[in-house]
Amino acid sequence: LGLALCTVSGTAFLYHDYCVIGAGPAGLQVAYFLQQSRRDYIVFERSHAPGSFFALYPRHRKLISINKQYTGKSNSEFNLRHDWNSLLSHDRRLLFRRYSRDFFPHADTMVRYLEDFASLLELRVQYNTAIIHVTLERNEQAWNGHYFLLTDQDRKNYKCSSLLVATGTWVPNVVNFPGSEYVEGYETVSINPEDFAGQTVLILGRGNSAFETAENILGVTNFIHMVSRSRVRLSWATHYVGDLRAINNGLLDTYQLKSLDGLLEGDLEDLAIVKDKKGKLHITLRFYLENRNISAGIDSVTLPQDELDNFATRAPYDRVIRCLGWKFDFSIYNRSLRMMPGKGNIKKYPQIKPSYESRGTRGLFVLGTASHSVDFRKSAGGFIHGFRYTTRAVHRLLENRHHGVPWPSTVYPITQLTNSIIKRVNEASGLYQMFSVLADIILLRENTTTFEYLEEYPIGVLAELEMQTGRKAPSGVFVIVMEYGKNFSGADKDVFYYNRAVGEAQHAWQSNFLHPVIYYYKRLPTEREMKLRPPEWPLPRPDAIHHIVEDFLTDWTAPNAHILPLRRFLENCLSTDLRSFFAESCFLFAFTRQKLPPFCQQGYVRMQGLVGSEGLRRHAVQAGLLQDYTPTDFSGDRPPDSHDRSRDQLLRDQVISVRPLQHLVNAKDE
């Protein structure tokens, strides 16, 4: 696509429809989708190569995103459920398992993978370009009523109609308190364990970076203490992959087994650090220093142990390390964009809508880790195996909004409703990874003979479905999501209790582990209903709801436990019969019922369905589905092979032409 040059107030701007800031995983992922759609875009990357975050982090170079080589399945969509590193593309060379066989890969492998992803797919990335300022230019002719004006470190200017921010969170979180100048940052601390031999270390923070740092030096230190505002959150209890993973939690062993290491809770802003003449660091509390000069020396400073002689952190430390994670860089955005931080525990992310569009500026979308405020501590939207799907969803929203391309969908006859749902819940990776956030949507046509299937739509904007997708929802709507049990996830939950699993279909609503849930609405929920939904519910109260019982193998194909209850639920919602029938049953129904089941209407009457065979007929007889019409020879003068010929003739006679049958049906109606 050609490059456009325009001027604003005498300043030259290079124009593109889409500007993407950041060539990390999310930036490359959206670039891939824009390129596949042949859109005019450019990606700006401040470094000389993509994925610069992974060139430094994690510091100890082991990723905690799993890379499962074998699943026992050849279904590529299913296998993505257990591949947390690959980006989505049509090129099978770009599956991460082709780059590493390690279950927890090395971070350098991710850097190499992202470089190949950008080069093999020929994505348009402009390297060594740091965007230092973004502002708006009002223009009624623009897509969103304004253009985005970008300036790089060389004072070159760019202009675009839509801005996609994929910079991640890379600014280290820092807590300022008296003596914080003695604290080393995770981003610069030594990763050589020998540098910590025989030392006593205090770590500020309690996330994976803190425990990763502790794990690296656990065997060489005198002891390690770890302090944070909140208690430790184990990912197997919270079912949130951003919480502490088992691969890093060795310090929990040494703490609980009383091997000197320990965890403490406290507000870091209340701390203070005082350095003695030997270079040792003493922990005290800020209020002890309010009227004292900290530089006067430790002898003039009151320490907690002076009043409480068993104060937990009374032993001096050799080093204090800050491992408090990162936050979004708001500094480059002009106030006109109204890029505001979230509130509470999501203040490190910009405020965005459930559609991933900025709450302050139309046409500005936040992708990747920085978009995690939508599902923080709930789902996987802050990680590659989650945001590769939310990025695709944003691209589909943009295709509809700016180019009139409706959300991809497939129309099926209503007889395929059960099969379609069962197929998706058993293989779809986007539903599985982005549980409670992305959903499959089934739109029923007005006469309920067909339905339209939309995959992986953000349920936070379900009320806007018609506007956001270009698809109509004139009748009922089914929403298929994956969910954990409502009371099964939490830092204080015992997820290994004895009767934790549910096995009976009648108790499916009590399922704890991840399982499919189908919501039925007679009409689309309104925005008001979405806002007033029950706490912790992803959707408003439906007209009907169905839980498919959890399964130990995550294989929801059991005829009695999974498929039959689902089919009956769908039949109750639609007031129809979704069973499949043999031709003989359809023939019988044509004479005995006023209305044929949909399977007979769409199959048998139109001369569609399974081709009869002797094996199929014999199976049906044995199952009691057909009467045995095999002719019996009473005369004794029939040739030896006449029985087989009669049987073949019977099979041929079962193929009844549409026209005579239609006359019979019409005559019955009359």
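A cavity is here a set of grid points where a 1.4 Å probe fits but cannot get out. In the predicted model described here, the structure holds 2 cavities of 30 Å³ or more. The largest cavity encloses about 40 Å³ of space, and its lining is formed by Pro-172, Asn-173, Tyr-186, Glu-187 and Ser-209, together with Arg-322, Cys-323, Leu-324, Gly-325 and Trp-326. When these lining residues are sorted by class, 5 are nonpolar, 3 are polar and 2 are charged.

Open space was also examined. The second largest pocket has a volume of about 1500 Å³, and 45 residues line this pocket, of which Val-374, Asp-375, Lys-378, Arg-533 and Trp-537 are the closest to its centre. Helix H12, which spans residues 527-531, gives the most to the lining of the second largest pocket, contributing 3 residues. The lining of this pocket divides by class into 19 nonpolar, 11 polar and 15 charged residues.

At the level of the whole chain, the assignment divides the structure into four parts: domain 1 is made of two segments, 14-170 and 327-398, whereas domain 2 covers 180-324, domain 3 covers 409-574 and domain 4 covers 583-620. The centres of domain 1 and domain 3, taken over C-alpha atoms, are separated by 28 Å, and the contact between these two domains takes 24 residues from domain 1 and 22 residues from domain 3.

Two packed helices are described by the angle between their axes and the distance between the axes. For helix H1 (residues 25-36) and helix H8 (residues 384-403), the packing angle is about 35° and the axes lie 9 Å apart, with H1 passing H8 in a right-handed crossing. On the side of H1, the contact is made by Pro-25, Ala-26, Gln-29, Val-30, Phe-33 and Leu-34, while H8 supplies Ile-384, Phe-387, Arg-388, Thr-391, Arg-392 and His-395. Taken by class, the residues in the contact of H1 with H8 comprise 7 nonpolar, 3 polar and 2 charged.

Two features of the backbone geometry were also noted, each of them placed in a loop. Tyr-57 and Pro-58 are joined by a cis peptide bond, for which omega is about -10°, and Pro-58 is found in the loop that runs between helix H2 (52-56) and helix H3 (76-79). Lys-258, although it is not a glycine, has a positive phi of about 55°, and this residue lies in the loop between helix H7 (250-256) and strand S12 (262-265).

Definitions and conventions. Residues are numbered from 1 along each chain as its sequence is written. This is a predicted model: local features need pLDDT of at least 70, side-chain atom pairs count only at pLDDT 80 or more; totals for chains, interfaces and linings use all residues. Side-chain values use heavy atoms; hydrogens and water are left out. Axes are lines fitted to C-alpha atoms, for helices over the stretch in contact, and angles run from 0 to 180 degrees between N-to-C directions. Helices (H or I, at least four residues) and strands (E, at least two) are DSSP runs, numbered from the N terminus. A crossing is left-handed if the near helix is turned anticlockwise from the far one by less than a right angle, and right-handed if clockwise. Contact means heavy atoms within 4.5 Å. Ala, Val, Leu, Ile, Met, Phe, Trp, Tyr, Cys and Pro count as nonpolar, Asp, Glu, Lys and Arg as charged, and the others, Gly among them, as polar. On a 1 Å grid over the protein atoms alone, a cavity is a set of points where a 1.4 Å probe fits but cannot get out, and a pocket is an open set with protein on both sides within 12 Å along at least five of seven lines; lining residues have an atom within 4 Å of a point. Grid points are joined across faces, edges and corners, and a volume is the space filled by probe spheres set on the points. Domain bounds come from an automatic or database domain assignment.
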